[in-house]
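The following exercises ask the reader to work from a structure to a reasoned description of its parts. Each task is followed by a solution that goes step by step.

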Amino acid sequence: MRAIIYPSHIRGAMRAPASKSVTQRAIAAAMLAKGTSTIYAASTCDDAKAALNMAEGLGATVEVRGDVIRLTGDFSLKKNVLDAQESGLSMRMFSTIAALFDQPV
């Protein structure tokens with residue numbers, strides 16, 4: 001059996017899925033930054049939602065529209081208890097940020 005292979009061109013566009021760990025790191029960085037940060041193509045996974053909830057608990061204002069997050073950091077403790085749910089990375093990052101407060105968290 002003989003096969004003939006002809007040259008061709010591949011075309012199209014593909015969007016890679018968002019990284020949950022990069023999204024969590026971006027949320028933490030945005031929370032610590034001055035002003036408002038916009039995170040595009042953010043992951044919408046449970047770990048990212050946990051990071052957003054923890055950032056809000058530590059004073060950030062969060063607006064989510066699809067895979068775009070607008071976050072304004074503000075160090076004003078809103079919650080004494082932060083729930084990382086099952087997100088180990090969020091727990092490690094936001095517990096160290098919470099240690100910056102003078103109040104128990």
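**Exercise 1.** Does leucine 100 count as buried or exposed, and what is its relative accessibility?

*Solution.* The model is a predicted one, and the values below are computed from it. The cut-off needed here is that exposed means over 50% relative accessible area. Leucine 100 has 55% relative accessibility, and it therefore counts as exposed. As to its place in the chain, leucine 100 is found in the segment after helix 3, which spans 88-98. The next step is to look at its surroundings on the surface, where Leu32, Phe75 and Leu100 form a nonpolar patch with about 300 Å² of accessible area together.

**Exercise 2.** Describe the sheet by its strand order, its pairing and its edges, and then place helix 1 against it.

*Solution.* Begin with the topology: the sheet is open, has 3 strands in the order 1-3-2, and shows antiparallel pairing. The edge positions are held by strand 1 (36-39) and strand 2 (61-65), each of which pairs on one side only. From one strand to the next, the twist averages 15°.

Now take the pairing of strand 1 with strand 3 (residues 68-72), which runs in the antiparallel sense over 4 bridges. Within this pairing, isoleucine 39 has isoleucine 69 of strand 3 as its bridge partner. Helix 1 (residues 20-32) packs on the sheet, where it touches strand 1 and strand 3, and its direction makes about 30° with that of strand 3.

**Exercise 3.** Which side chains of strand 1 point to one face and are buried, and which point to the other and are not?

*Solution.* The side chains alternate along strand 1. Ser37 and Ile39 point to one face and are buried, whereas Thr36 and Thr38 point to the other face and are not buried. The isoleucine 39 of this buried pair is also the residue whose bridge partner in strand 3 is isoleucine 69.

**Exercise 4.** How many salt bridges does the structure hold? Give the partners of each, and set their accessibility side by side.

*Solution.* Side chains of opposite charge can pair when their charged atoms come close. The structure holds 3 salt bridges, and they can be taken in turn.

1. Arginine 15 forms a salt bridge with aspartate 67, with the closest N and O atoms 2.7 Å apart. This pair links distant parts of the chain, since arginine 15 is in the segment before helix 1 and aspartate 67 is in the loop between strand 2 and strand 3, 52 residues apart. Arginine 15 is exposed at a relative accessible area of 58%, while aspartate 67, at 26% relative accessibility, counts as partly exposed.

2. Lysine 20 forms a salt bridge with aspartate 47, and here the closest N and O atoms are 3.2 Å apart. This pair, too, links distant parts of the chain, with lysine 20 in helix 1 and aspartate 47 in helix 2, 27 residues apart. Lysine 20 is partly exposed, with a relative accessible area of 42%.

3. Glutamate 63 and arginine 65 meet through their side chains in a salt bridge of 3.2 Å, N to O. Glutamate 63 counts as partly exposed at 35% relative accessibility, whereas arginine 65 is exposed, with a relative accessible area of 62%.

**Exercise 5.** With which residues is aspartate 47 in contact, leaving aside its neighbours within four places in sequence?

*Solution.* Aspartate 47 lies in helix 2, which covers residues 46-57. Apart from those sequence neighbours, aspartate 47 is in contact with Lys20, Gln24, Glu86, Ser87 and Ser90. Buried means under 20% relative accessible area, and aspartate 47, with a value of 17%, is therefore buried.

**Exercise 6.** Identify two residues with an unusual sign of phi, and locate each of them in the chain.

*Solution.* Most residues other than glycine have a negative phi. Alanine 41, although not a glycine, has a positive phi of about 55°. Alanine 41 has its place in the loop between strand 1 and helix 2, and it is partly exposed, with a relative accessible area of 34%.

Glutamine 85 is also not a glycine, and its phi is positive, near 55°. Glutamine 85 is found in the loop between strand 3 and helix 3, and at 47% relative accessibility it counts as partly exposed.

Notes: Residues numbered from 1 in each chain as written. Predicted model: local features only at pLDDT ≥ 70, side-chain atom pairs only at ≥ 80, totals over all residues. Heavy atoms only, no water. Patch = residues over 30% accessible without salt bridge, like charges linked within 9 Å, V, L, I, M, F, W, Y side chains within 5 Å. Areas by Shrake-Rupley, 256 points an atom, 1.4 Å probe, with all protein chains shown as cover. Salt bridge = Lys/Arg side-chain N within 4 Å of Asp/Glu carboxyl O. Helix = DSSP H or I, 4+ residues; strand = E, 2+ residues; numbered from the N terminus. Buried < 20%, exposed > 50% of the residue type's maximum accessible area, 1.4 Å probe, protein only. Contact = heavy atoms within 4.5 Å. Pairing = 2+ DSSP bridges. Axes fitted to C-alpha atoms, helices over the stretch in contact; angles between N-to-C directions.
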